[in-house]
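Here are some exercises to try with a structure viewer open. Have a go at each task before reading the solution under it.

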Amino acid sequence: MKFVTYTNIDGETPRFGFKRDDEIVDVIRSGIWVNENNKDASFLSIPTTLKLALGNWDINFSKLKELDQAIPDSDLSLLKVNG
């Protein structure tokens, strides 16, 4: 699992994600998606930055691996949060 910090737009606050094949999975947005679609809020507690996630790495890495498993293998661009 490879982790990334990225921005979509100049000046945007950096986002935290991980690579899945050729796509980046946004940790916050995917946690929200799992909560909305699977009624599982456990991923909402993952820190919003890689730096914060490193602070309690064993627990956060385990949650990140579980989050990766909780999101479908389909085209990630088709997944919507809040409509």
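The exercises below use this predicted model and go from aromatic rings to charged pairs and then to the nonpolar core.

**Exercise 1. Classify the ring pair Phe3 and Trp57, and work out which parts of the chain the pair ties together.**

Start with the whole structure: a search turns up four aromatic pairs. For Phe3 and Trp57, the ring centres sit 5.4 Å apart, with the planes at 80 degrees. Planes over 60 degrees apart count as edge-to-face, so that's the label for this pair. Next, place the two residues: Phe3 is in strand E1 (residues 3–6), while Trp57 is in helix H3 (residues 57–70). The pair therefore ties together parts that are 54 residues apart in sequence.

Last step, accessibility. Phe3 has a relative accessible area of 22% and Trp57 has 26%. Buried would need under 20% and exposed over 50%, so Phe3 comes out as partly exposed, and Trp57 is partly exposed too.

**Exercise 2. Do the same for Phe3 and Phe61, then find the aromatic cluster that Phe3 belongs to.**

The centres of the Phe3 and Phe61 rings are 6.2 Å apart and the planes meet at 70 degrees, so this pair is edge-to-face. Phe3 is in strand E1 and Phe61 in helix H3, so parts 58 residues apart in sequence get tied together. Phe61 is partly exposed, at 25% relative accessible area. Now put the rings together: Phe3, Phe16, Trp57 and Phe61 make up one aromatic cluster.

**Exercise 3. Which salt bridges does Arg20 form with Asp68 and Asp73, and where do the partners lie?**

The total for the structure is four salt bridges. Take Asp68 to begin with: its bridge to Arg20 has the closest N and O atoms 2.8 Å apart. Arg20 is in strand E2 (residues 15–20) and Asp68 in helix H3, so the pair ties together parts 48 residues apart in sequence. Then look at Asp73, whose side chain meets that of Arg20 in a salt bridge at 4.0 Å, N to O. Asp73 is in the segment after H3, 53 residues away from Arg20.

How accessible is each of them? Arg20 counts as buried at 10% relative accessibility, Asp68 is partly exposed at 23%, and Asp73 counts as exposed at 73%.

**Exercise 4. Is Asp26 buried or exposed, and which network of salt bridges is it part of?**

At 8% relative accessibility, Asp26 counts as buried. Its side chain meets that of Arg29 in a salt bridge (3.9 Å, N to O), and Arg29 is partly exposed at 36%. Add Arg15 and you've got the full set: Arg15, Asp26 and Arg29 are linked in a network of salt bridges.

**Exercise 5. Find the element that gives the largest share of the largest nonpolar core, then list the contacts of Leu67.**

A bit of background helps: in soluble globular proteins, nonpolar side chains tend to be buried together. Here, the largest nonpolar core has twelve residues, among them Phe16, Phe18, Trp33, Phe43 and Leu67. E2, helix H1 (27–38) and H3 are the elements that give two or more residues to this core. H1 supplies the largest share, three residues.

For Leu67, set aside neighbours within four places in sequence. What's left is contact with Phe18, Val27, Ser30, Gly31, Val34, Phe43 and Ile46.

Note on methods:
Residues are numbered from 1 along each chain as its sequence is written. Side-chain values use heavy atoms; hydrogens and water are left out. Rings of Phe, Tyr and Trp (its six-membered ring) pair if their centres lie within 6.5 Å; planes under 30 degrees apart count as stacked, over 60 as edge-to-face and the rest as tilted. Helices (H or I, at least four residues) and strands (E, at least two) are DSSP runs, numbered from the N terminus. Buried means under 20% relative accessible area, exposed over 50%, partly exposed in between (1.4 Å probe, protein chains only). A nonpolar core is a set of buried Ala, Val, Leu, Ile, Met, Phe, Trp, Tyr and Cys residues joined through side-chain atoms within 4.5 Å. Contact means heavy atoms within 4.5 Å.
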